[in-house]
Amino acid sequence: MRKLRLNKFLGLVLTALLTLVGLTPADESKAPDGSKFDPGLIISDSVFFDFGSMTVEEIQRFLESQVPVCKSGPTGMPCLRNYKTDTPEKAADPGKCAYMPAQTNISAAQIIYNISRACGINPRVLLVTLQKEQGLVQATIPSPYMYRAAMGYGCPDSDPAICGKVWVGLFNQLYKAAGQFQWYGDPNGSFTYLRPGREVSIAYNEVASNNCGRRTFLLKSQATANLYYYTPYTPNQAALNNLRGIGDKCSAYGNRNFWRFYWDWFGSPIGGGFLLKSSTSDTYFISNDVKYPLSDPTLVDELAPLGPLGEISQDYLDSFPTQIS
């Protein structure tokens, strides 16, 4: 009976979901180049929100791999691998982040881990954003400003002078940005104008006098919408043709660099859509934040048109309630 009901359910949603998902497996064996950039699918939801993708120790090892040797500079600021600070207690913020206790003298790796789990955002997304905003992950002699404006939170194009003056410091920047990433996808929130499954029009550049125009495309994930809310420009062809350099006067680089850093450090940011599993679990069909077990391999095959099977952390998988029948 369960299989029949699921087949009926599939028939009702398949047409709508095929246009929404738009997922194809990326070739992990090849380094990224601009031709692989899909403005409608910079990162999948299953990747963006996988808060269990790294342990504290893995984050620390990653930071050490990026800066094997910290250098001392006139500012006295440590590089990220050596950074430690006290963090405040944070009450639960509905729609954004769970309660966080105060802690004393903890590392940047621990801060990133704690916030990723409290706010439900992949720590890899936080690491990539730290780099694309201020270059902090790879900075051997970071400046105080890099820490003040670490995630670029509170840095509107309309008033760039305010950057680094509101919600200052590594913890505040990570906490506010991660909460904002979660809030962007809340249907009860104020950010609902970029909807997956619809065509959107995104500007190439913030300078109106450059007359750079816009690109229209199908938006394929909430996570990609989140990136455009945070950095509201899409790279033009000149920026994509010179993926590690400069394009032209109409080029913007924030979302291009996010995509490139993620690829360089962690592989493809494109994961599964509705068919997900952990490294040790059976496959589940996930829709509307509920998971349905698919222990029957034939059912997995029948649902294959919804997109590729993706692997997520067990912790993230466990966060979805299970519907048995």
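**Exercises: a cavity, a pocket and a sheet**

The largest cavity in this predicted model has a lining made of Asp93, Lys96, Cys97, Tyr153, Tyr175, Lys176, Gly179 and Gln180.

**Exercise 1.** Sort the lining of the largest cavity by residue class.

*Solution.* Start with the charged residues: Asp93, Lys96 and Lys176. Next come the nonpolar ones: Cys97, Tyr153 and Tyr175. Gly179 and Gln180 count as polar. The tally is three nonpolar, two polar and three charged. The space they enclose has a volume of about 50 Å³. With a cut-off of 30 Å³ or more, the model has one cavity.

**Exercise 2.** Describe the second largest pocket: its volume, its centre and its lining.

*Solution.* Take the volume first: about 710 Å³. Then go to the centre. Of 26 lining residues, Gly152, Cys155, Asp157, Tyr230 and Thr231 are the closest to it. Now look for the elements that give two or more residues to the lining. They are α5 (123-134), α7 (170-184), α8 (222-230) and α10 (254-266). Last, the classes: 15 nonpolar, seven polar and four charged residues.

**Exercise 3.** Which strands stand at the edges of the four-strand sheet, and why is one side of each left without a neighbour?

*Solution.* Write down the order: β7-β6-β5-β8, an open sheet with mixed pairing. Read off the ends. β7 (290-293) and β8 (310-311) are the edge strands; each has a single partner strand, so one side stays without a neighbour in the sheet. Now move to β5 (residues 275-277) and β6 (residues 284-287). They pair in the antiparallel sense over two bridges. Within this pair, Leu276 stands opposite Tyr284 in β6.

Conventions. Residues are numbered from 1 along each chain as its sequence is written. This is a predicted model: local features need pLDDT of at least 70, side-chain atom pairs count only at pLDDT 80 or more; totals for chains, interfaces and linings use all residues. Side-chain values use heavy atoms; hydrogens and water are left out. On a 1 Å grid over the protein atoms alone, a cavity is a set of points where a 1.4 Å probe fits but cannot get out, and a pocket is an open set with protein on both sides within 12 Å along at least five of seven lines; lining residues have an atom within 4 Å of a point. Grid points are joined across faces, edges and corners, and a volume is the space filled by probe spheres set on the points. Two strands pair if DSSP finds at least two bridges between them.
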